[in-house]
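Here's a quick look at how this chain is put together, strand by strand. Keep the viewer open while you read.

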Amino acid sequence: IGTLNVTGATFTNAGNITPNGTSQGTLTVTGPMTQAQAGKTSIEIGGIGAGSFDVLTASGTASLGGTLDVTLVNSFAPADGNSFTILNYASPQSGGFSSMNLPALSGGLFWNTAYNGTNLVLSVSTPDTTAPMAGSITINGGAAATNSQTVTLTLSATDTESGMGSGAQMQFSNNNSTCSVDCRSDNLIT
């Protein structure tokens, strides 16, 4: 709901951009935009329809850094499959936000962030809990038996169905608790 015309110059944000103050709207920067490391872009999401969440648009290139701070307003609770194009720019951006403060979601939902060719989209998903299509477990490198107190468990999996490729994550535990790199420090294995 506003335009900042910087034609012939580059707008650099080293403060806080809030596209429409205390309500949701669009701020358009006419020309290139740079977000400095000290800068913050604050986005409010109050629904899924046009005008119910903030959008920052740059008619030129976007060089991103600093912080993205997202807040849910109007008691809005995003659902699985909701998506929000919060940043538009004329050509592929350089860099990305150094940090993102995204609000907690309930019901096991999580945020996805996607820098596409000319925009940044936040979307909401539920975890894919289906088993991988192929996998293997090897204990102590395949040895038949061991007298050692140290056991090495090697897990590998390939999931071609979810489309997540090598970015997929795998968790395991012996009591439905998440196990980090060293399960002994989590007191899950003794």
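## A pairing to start with

Let's begin with a detail: N88 stands opposite N119 in β14. That spot belongs to a longer pairing, in which β10 and strand β14 (residues 119-125) run antiparallel, joined over five bridges.

β10 has another partner as well. Strand β7 (residues 55-58) pairs with strand β10 (residues 83-89), this time in the parallel sense and over three bridges. Look for L56 here, which stands opposite L87 in β10.

## The overall picture

Before going further, note that this is a predicted model. The protein has 16 strands and zero helices, so expect to spend your time on sheets.

How much of the protein is buried? Of its 190 residues, 32% count as buried. The accessible surface adds up to about 11,000 Å², and carbon and sulfur atoms account for 51% of it.

As for contacts, take those between residues at least 6 apart in sequence: 63% of them join residues at least 24 apart.

## A four-stranded parallel sheet

Now turn to the open sheet built from four strands, ordered β3-β6-β9-β12, with parallel pairing. Which strands sit at its edges? Those are β3 (16-17) and β12 (99-101), and each of them pairs on one side only.

Inside that order, strand β6 (residues 40-45) and strand β9 (residues 67-72) pair in the parallel sense, with six bridges between them. One place to check the register is K40, which stands opposite T67 in β9.

## The salt bridge

K40 turns up again when you look at charges. Side chains of opposite charge can pair when their charged atoms come close. How many salt bridges does the structure hold? There is one, and it joins D69 to K40, with 4.0 Å between the closest N and O atoms.

Why does this pair link separate parts of the chain? D69 lies in strand β9 while K40 lies in strand β6, so the salt bridge ties together parts that are 29 residues apart in sequence. The two strands are also the ones that pair over six bridges, so you can view the salt bridge and the β6-β9 pairing together.

Is K40 buried, partly exposed or exposed? Its relative accessibility is 30%. Buried would mean under 20% and exposed over 50%, so K40 counts as partly exposed.

How values were computed
Residues numbered from 1 in each chain as written. Predicted model: local features only at pLDDT ≥ 70, side-chain atom pairs only at ≥ 80, totals over all residues. Heavy atoms only, no water. Buried < 20%, exposed > 50% of the residue type's maximum accessible area, 1.4 Å probe, protein only. Contact = heavy atoms within 4.5 Å. Areas by Shrake-Rupley, 256 points an atom, 1.4 Å probe, with all protein chains shown as cover. Pairing = 2+ DSSP bridges. Salt bridge = Lys/Arg side-chain N within 4 Å of Asp/Glu carboxyl O.
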